[in-house]
Amino acid sequence: MASTSATLDLPIAPERVWQLIGGFGSLPDWLPYISSSVPAEGGRVRQLRNEEGGEIVERLVAFDDAARSYSYAILEAPFPVTDYLSTLSVREVPGQSGASRVVWSGTFTPTDVSDDEAVELFHGIYADGLAALRDTLAG
């Protein structure tokens, strides 16, 4: 099993960041390469469409509004991995009142690619996603 994570610190209150990213269907609000998120199964599944028309289906496996965190698993996607589990969380930066630390992390089992290739793929997705979040909040 492989894993990776990306972290972003922002000079914005965690509550405000979570308000934008904390909804399981909110990816299109801050992630430009996800054009739509259609809820299914009472909001526990999201059917994502990317800007190229590809589809990704994910299931919410844990949600903690008080801790500002949720975890999800990929059910269907064009990625070379299985057993994918990811967590998106927002915390206060230690010692910096009113600042947020956003962490996007995941574990997965690569298929048909090396661990390093899978890690590079998802680290890029997480880092690019957090850069888009920063730009959205600055905009």
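This section describes the nonpolar core, the aromatic pairs, the largest pocket and two individual residues of a predicted model.

The largest nonpolar core comprises 33 residues, and those touching the most other members are Val 17, Ile 21, Val 102 and Leu 133. Two or more residues of this core come from each of the strands β1 (2–10), β4, β5, β6 and β7 (100–110) and from each of the helices α1 (14–21), α2 (27–30) and α3. The greatest contribution is that of α3, which supplies seven residues. The surroundings of Leu 133 illustrate the packing. When neighbours within four places in sequence are set aside, Leu 133 is in contact with Leu 10, Val 17, Leu 20, Ile 21, Trp 30 and Val 102. Among these contacts, Val 17, Ile 21 and Val 102 are named together with Leu 133 as the core members that touch the most others.

Aromatic side chains form 13 pairs in the structure. In one of them, the ring centres of Tyr 84 and Phe 108 are separated by 6.2 Å and the ring planes meet at 15°, so the arrangement is classed as stacked. This pair joins distant parts of the chain, since Tyr 84 belongs to strand β6 and Phe 108 to strand β7, with their positions 24 residues apart in sequence. Tyr 84 and Phe 108 are both buried. A second pair is formed by Phe 122 and Tyr 126, whose ring centres lie 6.3 Å apart; with an angle of 45° between the planes, the pair is tilted. Phe 122 and Tyr 126 are both located in helix α3, and because they are four residues apart, about one helical turn separates them. Phe 122 has a relative accessibility of 1% and therefore counts as buried. Tyr 126, at 0%, is likewise classed as buried. Both pairs belong to a cluster linked by ring pairs, which also includes Trp 18, Phe 24, Trp 30, Phe 63, Tyr 70, Tyr 72, Phe 79 and Trp 104.

The largest pocket encloses about 240 Å³ of space. Its lining consists of 18 residues, and those nearest the pocket centre are Tyr 33, Ile 34, Ile 56, Phe 79 and Ile 125. The elements contributing two or more residues to this lining are the strands β3 (45–50), β4 (55–64) and β5 (69–76), together with helix α3 (115–138). In terms of residue class, the lining contains 15 nonpolar residues, two charged residues and one polar residue. Phe 79, placed among the residues nearest the pocket centre, is also a member of the aromatic cluster.

Two further positions were examined individually. Ser 37 is situated in strand β2, which spans residues 34–40. The relative accessibility of Ser 37 is 17%, and the residue is therefore buried, the threshold being under 20%. Excluding residues up to four places away in sequence, Ser 37 touches Phe 24, Gly 25, Pro 28, Arg 46, Gln 47 and Leu 48. Of these partners, Phe 24 is part of the aromatic cluster.

Ala 77 occupies the loop between β5 and β6 (81–92). With a relative accessible area of 29%, Ala 77 is partly exposed. Beyond its neighbours within four places in sequence, Ala 77 is in contact with Glu 55 and Ile 56; Ile 56 is one of the residues nearest the centre of the largest pocket. Ala 77 and Arg 59 stand 18 residues apart in sequence, and the distance between their C-alpha atoms is 12 Å.

Notes
Residues are numbered from 1 along each chain as its sequence is written. This is a predicted model: local features need pLDDT of at least 70, side-chain atom pairs count only at pLDDT 80 or more; totals for chains, interfaces and linings use all residues. Side-chain values use heavy atoms; hydrogens and water are left out. Buried means under 20% relative accessible area, exposed over 50%, partly exposed in between (1.4 Å probe, protein chains only). Contact means heavy atoms within 4.5 Å. On a 1 Å grid over the protein atoms alone, a cavity is a set of points where a 1.4 Å probe fits but cannot get out, and a pocket is an open set with protein on both sides within 12 Å along at least five of seven lines; lining residues have an atom within 4 Å of a point. Grid points are joined across faces, edges and corners, and a volume is the space filled by probe spheres set on the points. Ala, Val, Leu, Ile, Met, Phe, Trp, Tyr, Cys and Pro count as nonpolar, Asp, Glu, Lys and Arg as charged, and the others, Gly among them, as polar. A nonpolar core is a set of buried Ala, Val, Leu, Ile, Met, Phe, Trp, Tyr and Cys residues joined through side-chain atoms within 4.5 Å. Rings of Phe, Tyr and Trp (its six-membered ring) pair if their centres lie within 6.5 Å; planes under 30 degrees apart count as stacked, over 60 as edge-to-face and the rest as tilted.
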